[in-house]
Amino acid sequence: MQNTTSAENNIRHLVYLLENAVINLSEGQEQMSWLIDFTGFSLNTSVPIRTARDIIYILQSHYPERLAIAFLYNPPRFFEVFYKAVRYFLDPKTAQKVKFVYPKNKDSVEMMQLYFDIENLPNEFGGNATLKYDHEEFSRLMAQDDVKTAKFWGIDEKPYQIGNGHSVAPEPAPISQQAG
């Protein structure tokens with residue numbers, strides 16, 4: 001439901017969501033599974049190559065080993081061919097974690113059933129759950145995550161505003177000051 005066309009804002013949004021996902025991992029859980037929906041994807045809606053390269057760099061440099069498996073759901077067929085060339089720029093361990101899933105392919109459907117609880121998987125991905133995006137609920141959950149993040153970093157102050165409507169939390173205090 002992200003709707004910005006700015007490459008920088010897309011990357012900021014991705015990092016924000018990843019940080020929130022990390023802070024919400026169960027105790028002892030280090031990795032996550034990603035289900036990336038390409039339904040409706042076209043060359044007109046695609047992410048520019050430079051942005052994709054920047055995202056790959058961020059994921060590999062700042063989130064190493066966070067990815068357990070990535071399901072690319074319903075990508076255009078040309079994307080898989082393109083990926084075969086691009087995957088050489090990925091770490092080989094990361095590249096093998098990427099799975100292409102096509103809703104009308106028997107092997108893909110079986111793979112989804114193997115990795116996901118079908119009762120909790122939304123029906124648009126072959127499961128039985130009916131979910132509806134609620135922006136107010138999403139915003140409420142993100143606000144709760146912002147509080148968790150601030151507590152994790154020892155920041156109890158409110159964020160302050162900078163240009164373009166972005167807010168930034170104050171710099172965390174050095175660890176030596178936090179211990180006292």
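Helices, in the sense used here, are DSSP runs of H or I with at least four residues, numbered from the N terminus. With that in mind, select Thr-51, which is found in helix H2. The model is a predicted one.

**Stop 1: Thr-51**

Display the side chain of Thr-51 and the residues around it. Is Thr-51 buried or exposed? Its relative accessibility is 5%, and buried means under 20%, so Thr-51 counts as buried. Leaving aside residues up to four places away in sequence, Thr-51 touches Ala-7 and Ile-11.

**Stop 2: helices H1 and H2**

Next, select residues 7-23, which form helix H1, together with residues 49-62, which form helix H2. The two helices pack at an angle of about 25°, and their axes lie 10 Å apart. This angle makes H1 roughly parallel to H2, because angles under 35 degrees are counted in that way. The crossing in which H1 passes H2 is right-handed.

To view the contact itself, show the following side chains:

- from H1: Ala-7, Ile-11, Leu-14, Val-15 and Leu-18;
- from H2: Thr-51, Asp-54, Ile-55, Ile-58 and Leu-59.

Colouring this contact by residue class will show 8 nonpolar, 1 polar and 1 charged residues.

**Stop 3: the sheet**

Now turn to the strands. Select residues 32-37 for strand E1, residues 67-73 for strand E2 and residues 98-101 for strand E3. These 3 strands form an open sheet in the order E1-E2-E3, and their pairing is parallel. Which strands stand at the edges? They are E1 and E3; each has a single partner strand, so one side of each is left without a neighbour in the sheet. On average, neighbouring strands of this sheet are turned by 20° against each other, with direction ignored.

Look more closely at E2 and E3, which run parallel and are joined by 4 bridges. For one residue pair to label, choose Leu-72 and its bridge partner in E3, Phe-100.

Then add residues 106-115, helix H5, which packs on the sheet and touches E1, E2 and E3. The direction of H5 makes about 125° with that of E3.

**Stop 4: the whole protein**

Finally, restore the full view and colour by secondary structure. The protein contains 7 helices and 5 strands, and along the sequence they follow the pattern α-β-α-β-α-α-β-α-α-β-β-α. Of its 180 residues, 26% count as buried. Among contacts between residues at least 6 apart in sequence, 64% join residues at least 24 apart.

Terms used
Residues are numbered from 1 along each chain as its sequence is written. This is a predicted model: local features need pLDDT of at least 70, side-chain atom pairs count only at pLDDT 80 or more; totals for chains, interfaces and linings use all residues. Side-chain values use heavy atoms; hydrogens and water are left out. Axes are lines fitted to C-alpha atoms, for helices over the stretch in contact, and angles run from 0 to 180 degrees between N-to-C directions. Angles under 35 degrees count as roughly parallel, over 145 as roughly antiparallel, 65 to 115 as roughly perpendicular and the rest as oblique. A crossing is left-handed if the near helix is turned anticlockwise from the far one by less than a right angle, and right-handed if clockwise. Contact means heavy atoms within 4.5 Å. Ala, Val, Leu, Ile, Met, Phe, Trp, Tyr, Cys and Pro count as nonpolar, Asp, Glu, Lys and Arg as charged, and the others, Gly among them, as polar. Two strands pair if DSSP finds at least two bridges between them. Buried means under 20% relative accessible area, exposed over 50%, partly exposed in between (1.4 Å probe, protein chains only).
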